[in-house]
Amino acid sequence: MSNRKPGFETLAIHAGAAPDPTTGARITPIFQTTAFVFDDVDHAASLFNLQAFGNIYSRLTNPTVSVFEERIAALEGGRAAVATASGHAAQLLAFHTLMEPGDEFLASRRLYGGSITQFSHSFRKFGWNVIFVDPDDPQNFARAMTPKCKAIFVESLANPGGIVCDIAAISEVAHAAGVPLIVDNTMASPWLCRPIEHGADIVIHSTTKFISGHGNSMGGVIVEAGKFDWSKGPRKYPALTEPTPSYHGLRFYETFGDMAFAVATRAVGLRDLGPTMAPLNAFLSLAGVETLPLRMERHCQNAQKVAEFLSKHPKVAWVSYAGLPGDKYHALARKYLPRGAGSVFTFGVKGGYETGVKLVESVELFSHLANIGDTRSLIIHPASTTHRQLSAEQLAAAGAGPDVVRLSVGIENVEDIIADLDQALAKG
Amino acid sequence: MNHDSYPDSYILQILREVRTIAMVGASPNWNRPSYFAMKYLQEKGYRVIPVNPAAAGETILGETCHASLKDIPVPVDMVDCFRNSAAIPPIAQEAIAIGAKVLWMQLGVRNDEAAARAEAAGLKVVMNRCPKIEFGRLSGEIGWMGVNTGVISSKRKKVVKS
C-alpha cells in the first residue's frame, strides 16, 4: 500500500504478516521449533550480542510470535511489542524493566483482582512496592507521587466494575513527575480505545481476552509507544540507560532508541524470567485478532442491550455499564471508548451473595467460568471466585462486593442471551 | 525532500544503490551503536569504511580507520554520520567534495542547513534515521523483534539488496 495509511481493519488482518518468503504460504505458519541454526560462529556472536536481527531460541523470538507482536504494535499505534505467556507475565516483564528493589509504583485500585494480588504480594518479593490510588480523581496520583515512584499503572476500562480512567489527565500527572504511564487495555481492546493516542507510554494486554477472542489461547503483550525519554527525567531507569552487565556493558536506550524498552524487556526480562508465548497460541491469536473489529462491534451492541434489559429488571439493584446514559463513567466512555463501552460489566442482584451464587448456577447459555472476552457469554460472581483472595475492604474497593455479578456478553443471538438471564434471575 | 517523513521507496532506492559507506564516528568499541550498525551493514554486503581521527590507523571489523573522509582511497557512495547535529556541516562539505551520492545522519542527528547544501550539490539526504534499522524494517527482519515496520503487503517480503 503505497501512500495510504492503512485503516484499523486492514492492520488487524495484515500488519506484521506477509507470504512466507520460501514457500509462499499465505497464512503465517506455526514455527513449532525451539531453536534456529546459525550460519557460523560469527553469525551466532552477532545474534547473541544483539548486533544482528534473527532468531536464536524460541524463548526470545519466534517467527510466528513476532508476527503477532508486530500486529498488536500496529493496532495500538506503538513502536514495538513483546508477547508473553499471559497478561500477568506481561505485567511482570514490564515492571522488571522499570523497577529496582525498593522502587515504588502507583496503581489504580480499580483493577482486575488478579493484578491487585500480583502487585500486593508477589511483586513485594522483588522489593517492588505498589501504592494503590483511587483513579476517579487524576490528581490523586499527583498527591500519592513519591521520589521512588517509577510508573503509574491503570486499566483503560477496569475489570470488573466498568470504570473508565481519564487516561489523558493521568498521563499528564505521570509526565509532570517524569514517570511513564502504563495502561492495561485488555477490556477495551485497541478497537475501542487507543491509549497511546491519549498519552500512554506502555500498553499491556491479556491477549487471552478480546484480542484472541475465542477463549482458546493464553497470551499477553507489552507495547511500547516509543515516546518516553528514559534518560532525561529526575528518575532513573538503569536497566535502560546504564551499562547492562549481562550484555557486556551495552546501554539499551543509547543503542535502540525509541524501541529500547521493548528490546530490553525481551533481551533481559524474557531471556531471564522466561514466560514466552507459545507459537501455537500466537497462531490462534493471529487468527482471532483478524476479526477483532467485527467481534467488538457485536460484543458492544449485545452488551448495550443486555445492560438496558438488566437496568429495568425488578431483581436487579443496579447496573454498572458505562454505555448507559446515566452511568457515572458515561462521559469518559464517550471520550475514550467512542465505539462502545465494551462487553464486560457488573450488576448487583437484590438479595446479595446467595442470590449471586444462585444466578451463576442457574444459567444455561452463559458459561460460569473465570475468563472474559470470549465469543461465548460468560458469567461469574467475583466475590466467590476471582476476587475471593481479597479482603472485604479490597472487595468493595475493587467493585466486587457480595451482590456483584460480572458478565462478559458474547456474540450469540442477543435475544437468547437476554432470555437466559431472565430465566436464571427468575430462579433467584 | 520532506525530512519529516521519507517514503519507503526513497530509503529503499538508497539502500539498493549504495555499495560503499563511510561511517563517520565509527567506534572500535564493540558495544557502541556505531559498531552494531557497521557489523550489520557489512553482513548485508556493504563495504563500510570507518572514519574517526581518534582511531585513525586502527582496524575496525577488518577495515582500516581513516582520520577524515578525504583520506579514504576508494570512491564512497554514502557518508553515514554518527556525530551530533552541530558537527555535521564540515562533514557534509567533505561528503560533497569526495563525490558521495548520499549523506545520511543517524537517529537523533539533524542539520537542515547542511542537508540543504548537500541536496543543492546533488546528494540525497536522510536525517534522524539508522540504516541498520531501515534495512531491517524494509526487509522485515526487524519485525522478528516485534517492531512495527509499518509495511503492509500481500507479496513475499522484498529483498532489499542482493
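**The A–B interface and the aromatic pairs of chain A**

Across the interface of chain A and chain B, 14 residue pairs are in polar contact, both partners having pLDDT 80 or more. I should say at once that the model before you is predicted.

Let me turn to the elements behind this interface. On the side of chain A that touches chain B, two or more residues each come from helix H1 (8–14), helix H2 (41–48), helix H3 (63–76), strand E1 (80–84), helix H10 (252–256) and helix H11 (260–273) of chain A. Which element provides the largest share of that side? It is H3(A), with five residues. Sorted by class, the side of chain A that touches chain B comprises 20 nonpolar, 16 polar and eight charged residues.

As for extent, the contact draws 44 residues from chain A and 28 residues from chain B. The area buried between the two chains is about 3200 Å², and carbon and sulfur atoms give 57% of this. Within chain A, the residues that lose the most area to chain B are Gln51(A), Phe53(A) and Glu70(A); together they account for 26% of what that side buries.

Charged pairs also span the interface. The count between chain A and chain B is two salt bridges. In a salt bridge between Lys39(B) and Asp42(A), the side chains meet at 3.8 Å, N to O.

I now move to the aromatic residues. Over all chains, the structure holds 25 aromatic pairs. One of them joins Phe126(A) and Trp128(A), whose rings are stacked, at 4.6 Å centre to centre and with 25° between the planes. Are these two residues buried or exposed? Phe126(A) is partly exposed, because its relative accessible area is 37% and the partly exposed class lies between 20% and 50%. Trp128(A), by contrast, has 3% relative accessibility and therefore counts as buried.

The pair of Phe228(A) and Tyr237(A) has another geometry. Why is this pair called edge-to-face? The ring centres are 6.1 Å apart and the planes stand at 90°, so the pair is edge-to-face, since planes over 60 degrees apart fall in that class. Phe228(A) is buried, at a relative accessible area of 12%, and Tyr237(A) is buried as well, at 1%.

Finally, Phe126(A) and Trp128(A) belong to a cluster linked by ring pairs. Its other members are Phe95(A), Phe105(A), Phe119(A), Phe123(A) and Phe153(A).

Definitions and conventions
Residues numbered from 1 in each chain as written. Chains lettered and ligands numbered in written order. Predicted model: local features only at pLDDT ≥ 70, side-chain atom pairs only at ≥ 80, totals over all residues. Heavy atoms only, no water. Contact = heavy atoms within 4.5 Å. Buried area = accessible area lost by both parts, 1.4 Å probe. Salt bridge = Lys/Arg side-chain N within 4 Å of Asp/Glu carboxyl O. Polar contact = N/O pair within 3.5 Å; in protein donor to acceptor, adjacent residues only side chain to side chain. Helix = DSSP H or I, 4+ residues; strand = E, 2+ residues; numbered from the N terminus. Nonpolar A, V, L, I, M, F, W, Y, C, P; charged D, E, K, R; others polar. Phe/Tyr/Trp six-rings, centres within 6.5 Å; stacked < 30°, edge-to-face > 60°. Buried < 20%, exposed > 50% of the residue type's maximum accessible area, 1.4 Å probe, protein only.
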